[in-house]
Each structure stands twice: as structure tokens, then as C-alpha cells.
Amino acid sequence: MTPPDRFARLPRLLAADADLMRRGHWLTVECRIDIGAEPFFLSISAGAIANLDRGLRLMRSTAFTFRAAEEAWARYWEPIPKPGWHDLFALTKRGAASMEGDLRPLLQNLQYFKDLLALPRLAQGA
Amino acid sequence: MAPKLDPMIGRYLRTEIGGVPHRLYFEEAGQGIPLVCLHTAGADNRQYRHLLADPEITRRFRVLAFDLPWHGKSTPPDGWEREEYRLTTESYTAAIRAFCASLELDKPVVMGCSIGGRIVLNLAIAHAAEFRALIALEAADFQQPWYDTAWLHRPDVHGGEVCAALISGLIAPHSPPVSRHETLWMYMQGGPGVFKGDLYFYRVDGDLRERVKAIDTRRCPLYLLTGEYDFSCTPEDTLRTAEQIPGVEVQIMKELGHFPMSENPAKFREYILPVLEKIASGP
């Protein structure tokens, strides 16, 4: 399974995590997550994923973007990631990921986003 | 049935730091060589509760862990509401020396983590004769910043939650969930702007590049221990620092991150017990 394919499972993974949705219940935002060259447009409503669009959408506006190379995501999603690949900020510090846009909703809900973007760790194998 | 009590006792110490009256909270347990423990930025002495309750340590060491002013149960100085809190090399060093002097500790060992590790390096540079040995956890002469501290103290972002969420990535994935979340809980409880103020020392005022070359480990032994999952003070940062200090003992700790004593007390014990053994059996 490619990293984009794993990320495409995010709605099902979050739907199975009632606690994470509870922690995000104040959050409603549009954001973009790039898995290598493939963009995903994520619509979050009250902590749940209202919509996940895979692939480029011309002129789609989002609050912020978080992007990393496929290799970075693959290493980040290992069951026990290696040192330096185990956190979103470990990735940005080493130059393997970046963030841009209005980071306020990200920082206001940082643990939620860290846990959300780590969910594909649970989607191993085929 | 007898109550189940942890062995440490908590007290408040009245002392002056830089001529300003302070009321410092500390906990202690054990007897023997004084071992003063310094918590990380934005946290408090609870990070050392497992050391304070470890009979293997407290049978030979009088372990003392104090909350820096503004942290934990140490109150900020009178008039705190009229200033922006900023820890400096000078004020941090003064607080440690005031604590040790007020309690009349005879050549204590000082062990600090993160900012506590950095200031331990400064103690080694400037005050080595006052200490029996120094232990710097997650320490280096300088580290590359990895986020903008402006996010730590502003009304539209919950300070406690953003501080905890930021540092959560510095905990090794192997650490037990209970210990991970206890470590995060302490960060969630910091006063507004305190973590940010501590990082002023870390990022702006406490750059020790070049200065660590002045450390003489013959006057006071120095131990550096850093967790492999610490991407704030990386193993490379610590090893680079160690290369400049002849005689320093350095170790990279497997399966540990930036908060070894609280994120995985059992694993940290494997590393710190031999160091303390060496210090206890030394001259």
C-alpha cells in the first residue's frame, strides 16, 4: 500500500476513534495535507472528517497546508518510528516536511492534528 | 490499614535570589550525598518523583528537587504581574546557588534536564569548585530551534495545551503511556508565559558555544546523557558538545527522549544508577 493509499483511509480510521473526535469537537477547518506529490483536501467539522478529496483541486482555498515527502510519511507511520522520524516537528526540523498558511487552527488543536496524522500507523499491510 | 505514603517530604524554603525574597518549594528524600535535581522548562519538580522514591538511590543520596521561581508550587516574586518573566543564565545560576547555600549543602551533585542540563554546563564552566559532580541530561552548548515560541503565550491558543502538544513529540514512542501523559500533564499546568520565559534562557541568553571549552572535569566530573529520541537536543548536539570537553563521560540513551526521568523511569534507571554509583564511590 502506498503512503497516499494509506492516508486515504483516514476517514475510517478517525470514525473508529471516538476519543480523538471528542478532543477535536471545537475544530472546524479546511486544510491540505500533501502526501508526497499527492494533495489531500481535508474538511473537518466539529472534530469529524466531513470530506476528504484526493488529488489536485484547482484554486481550492484552505487554512493551512502540511506537506512531507512520501518517504517521510512512510517512516513516520512505522509502528515504532526511528528517532528523528517520529513526530511532525521532528520531520520539519530535519527538512523532510513543511507547513504554511494560517497555522492558528493547527496550533490551537495541535495534539489533535498530531494524533490525526498519526492514525495511518494503524493501517498497515495491504 | 497503614496509609501508603510516598517517601518524599515537601517544604517551602525562604531565601533571596539576586536580593529578591523568594519562597521555593522543594521535595526531598534520602540521606548522604546531596543530589539536587533541576526540572525542564515549563515543568516542575514532580518530574523527579521516581528518583525521590527509589531506595537504591536514596540510601546513599539526599535527593532534593526544587521548583524554580514561577514554577510548580514556588510562588513568583512580589510584583510579578508587572513584568514579563524571562529566565537568564544569571538568574538561573543564582537560584541554584541560593538553594544550595540556604540549605547548607556540602558540595552537592547537581543533575538537570534540558534547560537544567544547559545550566549545569554553566555551573561546570563558572562554579565547578562548589560541586562534587555534575550531570547534564539532554544538554548541549547550543541547539537549533524548531518552533516559534510566540505561539506559547497568546490569548487565542491555550498555553498549557500547546506547550504539552509541542513537547509530546520529544517523548520516545517506547515510553509507557501512563508516564507519557503524566509528563504532558505537568506541561499543561504551567503558568502563562512561563515555558516561553524559560526558553529565553535556552535560545537567547544561554548560548554556551565556545564557553564549554573552559570546563575542567578534573575539578568536577561531568556526565552527559541524552535520549536518542530527543530531536530538540539531539544526540549529535550532545556529542558535539562532549568533543570539546576532555574527560567528560557521555552516553546516548536508547528508547528515551527529552524527559528520561519522567517519561520512562524504569529505563532511565538503567542509565543513571551506574553514574550515581560512580559518583558515590569516587573521591
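A residue counts as buried here if 20 or more other C-beta atoms lie within 10 Å of its own, and as exposed if 12 or fewer do. Keep that in mind for the views below, which come from a predicted model.

**View 1. Helix α5 of chain B, a mostly covered helix.** Of the 10 residues in α5(B), 8 are buried. Here's the list: Gly159(B), Val162(B), Cys163(B), Ala164(B), Ala165(B), Leu166(B), Ile167(B) and Ser168(B). What do these buried residues pack against? Both chains chip in: α6 and α7 of chain A, together with α6 (177–188) and α7 of chain B.

**View 2. Where chain A meets chain B.** Chain A brings 17 residues to the contact and chain B brings 16. On the chain A side, α5 (88–93), α6 (104–108) and α7 (110–118) each put in at least two residues. The largest share there, 5 residues, belongs to α5(A). Sorted by class, the side of chain A that touches chain B holds 8 nonpolar, 5 polar and 4 charged residues.

**View 3. Helix α3 of chain B and its two sides.** This helix runs over residues 89–102, 14 residues in total, and spans 20 Å from first C-alpha to last, close to the 20 Å expected at 1.5 Å a residue. Its buried residues are Tyr92(B), Ala95(B), Ile96(B), Phe99(B) and Cys100(B). Because they cover an arc of only 125° around the axis, they end up on the same side of α3(B). Flip to the other side and you'll find Glu90(B) and Ala101(B), which are exposed. Just past the helix, look for Glu104(B), with a positive phi of about 55°.

**View 4. Helix α7 of chain B and what covers it.** With 12 residues (194–205), α7(B) reaches 16 Å from its first C-alpha to its last, close to the 16 Å expected at 1.5 Å a residue. Val194(B), Phe195(B), Lys196(B), Gly197(B), Asp198(B), Leu199(B), Phe201(B) and Tyr202(B) are its buried residues, so the list takes in Lys196(B) and Asp198(B), which count as charged. The cover over these buried residues includes α3, α4 (115–126) and α5 (159–168) of chain B.

**View 5. Leu134(B) in the largest nonpolar core.** Nonpolar side chains tend to be buried together in soluble globular proteins. The largest nonpolar core in this model has 117 residues, and those touching the most other members are Cys37(B), Val63(B), Val110(B), Val120(B), Leu134(B) and Leu222(B). Zoom in on Leu134(B): leaving aside residues up to four places away in sequence, it touches Val110(B), Val120(B), Leu123(B), Ala124(B), Cys220(B) and Leu222(B).

**View 6. The annotated stretch of chain B.** An unreviewed UniProt entry places "domain: AB hydrolase-1" at residues 35–269 of chain B. Over that stretch the chain is 36% helix and 13% strand, and its end C-alpha atoms sit 15 Å apart.

**View 7. Trp185(B), buried or exposed?** This tryptophan sits in helix α6 of chain B. Trp185(B) has 12 other C-beta atoms within 10 Å, so it is exposed. Its C-alpha is 27 Å from that of Thr238(B), which is 53 residues away along the chain.

**View 8. Two positive phi values in loops of chain A.** Ala46(A), in the loop between β2 (38–45) and β3 (48–54), has a phi near 50° even though it isn't a glycine. It has 11 C-beta neighbours inside 10 Å and so counts as exposed. Met59(A), in the loop between β3 and β4 (64–68), has a positive phi of about 60°, and again isn't a glycine. With 4 other C-beta atoms within 10 Å, Met59(A) is exposed too.

Terms used. Residues numbered from 1 in each chain as written. Chains lettered and ligands numbered in written order. Predicted model: local features only at pLDDT ≥ 70, side-chain atom pairs only at ≥ 80, totals over all residues. Contact = placed C-beta atoms within 7 Å. Helix = DSSP H or I, 4+ residues; strand = E, 2+ residues; numbered from the N terminus. Expected span 1.5 Å × (residues − 1). Arc of directions from axis to C-beta. UniProt positions renumbered as here; feature names shortened; annotations may be inferred. Core = buried A, V, L, I, M, F, W, Y, C linked by C-beta atoms within 7 Å.
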